[in-house]
Amino acid sequence: MYLKENNLLPSGQSAYRDHHSTETAVLRVLSDILLALDSRNIAVLALLDLSAAFDSVDHATLLQRLRTSYGLGGSAITWFTSYLHNRTQYVRLSGSRSTNIAVPKGVPQGSVLGPILFLLYTADLLQFVQRHHLHPHAYADDTQIYGSCYPSDASTLQQCISDFIDDV
């Protein structure tokens, strides 16, 4: 797979990767926090569960990330553009059908590409967290953000978290 061969998958993402699962994600976060506490540090953990995450993907942003972060271009970008744009949906109930409405954003749920496109769309979030000296770990649309420090440095950790919340 192109992403794996070119080391483009975020290391802090356990979903959609060989030998990674919800169990490995939980064990990684728990182990890091317990090691921090064993060293007499304080630890903080924030759990993010993005509601309707797959529905919130902005097509233009996703396509730009595929170009700049993952090196896709030419016919590959044309194909992804075609896959994402001009999608419609309707409701069918007891033989009746609603009118079609445009689906201007999101990735198709239940599709093979939906989860991987969401992962690529959110990969920058994990890098953003790391730039703030916190540790991210994600599984699909669930993200854990955690960090630790000496008790005397708690104000630094608190400032880091505040900066993160303000920037997001």
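**Exercise 1. A loop residue with an unusual backbone**

Task: In this predicted model, where is the place of N86, and is N86 buried or exposed?

Solution:
- Step 1. Start with the location: N86 sits in the loop between α4 and β2 (88–89).
- Step 2. Check the backbone: the phi of N86 is positive, about 60°, although this residue is not a glycine.
- Step 3. Turn to the surface: the relative accessible area of N86 is 78%. Exposed means over 50%, so N86 is exposed.

**Exercise 2. A second positive phi**

Task: Which loop holds S94, and what is the phi of S94 near?

Solution:
- Step 1. Look between β3 (92–93) and β4 (96–97): the loop there holds S94.
- Step 2. Read the torsion: phi of S94 is near 50°, a positive value in a residue other than glycine.
- Step 3. Add accessibility: with a relative accessible area of 72%, S94 is exposed.
- Step 4. Move on to strand β4, where R97 is found. Its relative accessible area of 47% makes R97 partly exposed.
- Step 5. List the contacts of R97: leaving out residues up to four places away in sequence, R97 touches Y90, V91 and R92.

**Exercise 3. Pairing the charges**

Task: How many salt bridges does the count come to, and which side chains meet in them?

Solution:
- Step 1. Recall the principle: side chains of opposite charge can pair when their charged atoms come close.
- Step 2. Apply the cut-off, a nitrogen within 4 Å of a carboxyl oxygen. The count comes to 2 salt bridges.
- Step 3. Take the pair of D32 and R28, whose side chains meet at 3.1 Å, N to O. Both residues belong to helix α2 (residues 22–38) and are 4 residues apart, about one turn of the helix.
- Step 4. Judge how accessible this pair is: D32 counts as partly exposed at 26% relative accessibility, and R28 counts as partly exposed at 44%.
- Step 5. Now take R65 and D124, with their closest N and O atoms 3.0 Å apart. This pair links distant parts of the chain, with R65 in helix α3 (residues 59–68), D124 in helix α5 (residues 113–131), and their positions 59 residues apart in sequence.
- Step 6. Finish with accessibility: R65 is partly exposed at 21%, and D124 is partly exposed at 26%.

**Exercise 4. Mapping the nonpolar core**

Task: Which residues have the most contacts inside the largest nonpolar core, and which element gives the most to this core?

Solution:
- Step 1. Begin with the general tendency: in soluble globular proteins, nonpolar side chains tend to be buried together.
- Step 2. Find the centre of the network: the largest nonpolar core has 21 residues, and L62, L66, L84, V107 and L117 have the most contacts inside it.
- Step 3. Assign elements: α3, α4 (74–84) and α5 are the elements that give two or more residues to this core. The most comes from α5, with 7 residues.
- Step 4. Zoom in on L62: apart from neighbours within four places in sequence, L62 is in contact with V57, L84, V107, L117 and Y121.

**Exercise 5. A buried strand residue**

Task: Which strand does T143 lie in, and which residues does T143 touch?

Solution:
- Step 1. Locate the residue: T143 is part of strand β7 (residues 142–149).
- Step 2. Compare with the cut-off: buried means under 20%. T143 has a relative accessible area of 5%, so T143 is buried.
- Step 3. Collect the partners: not counting residues up to four places away in sequence, T143 touches A46, L47, L48, L126, H137 and A138.

**Exercise 6. The whole chain**

Task: How many helices and strands does the protein chain have, and what pattern does the chain follow?

Solution:
- Step 1. Count the elements: there are 6 helices and 7 strands.
- Step 2. Put them in sequence order: α-α-β-α-α-β-β-β-β-α-β-β-α.
- Step 3. Describe the extent: along the principal axes, the C-alpha atoms fill a box of roughly 65 × 40 × 30 Å.
- Step 4. Consider burial and surface: 34% of the 168 residues count as buried. The chain exposes about 10600 Å², of which carbon and sulfur atoms supply 54%.
- Step 5. Consider long-range contacts: among contacts between residues at least 6 apart in sequence, 65% join residues at least 24 apart.
- Step 6. Close with the charges: the mean positions of the 11 positive and 15 negative charges are 11 Å apart.

Technical notes: Residues numbered from 1 in each chain as written. Predicted model: local features only at pLDDT ≥ 70, side-chain atom pairs only at ≥ 80, totals over all residues. Heavy atoms only, no water. Buried < 20%, exposed > 50% of the residue type's maximum accessible area, 1.4 Å probe, protein only. Contact = heavy atoms within 4.5 Å. Areas by Shrake-Rupley, 256 points an atom, 1.4 Å probe, with all protein chains shown as cover. Lys, Arg positive; Asp, Glu negative; His and termini not counted. Charge placed at Lys NZ, Arg CZ, Asp CG, Glu CD.
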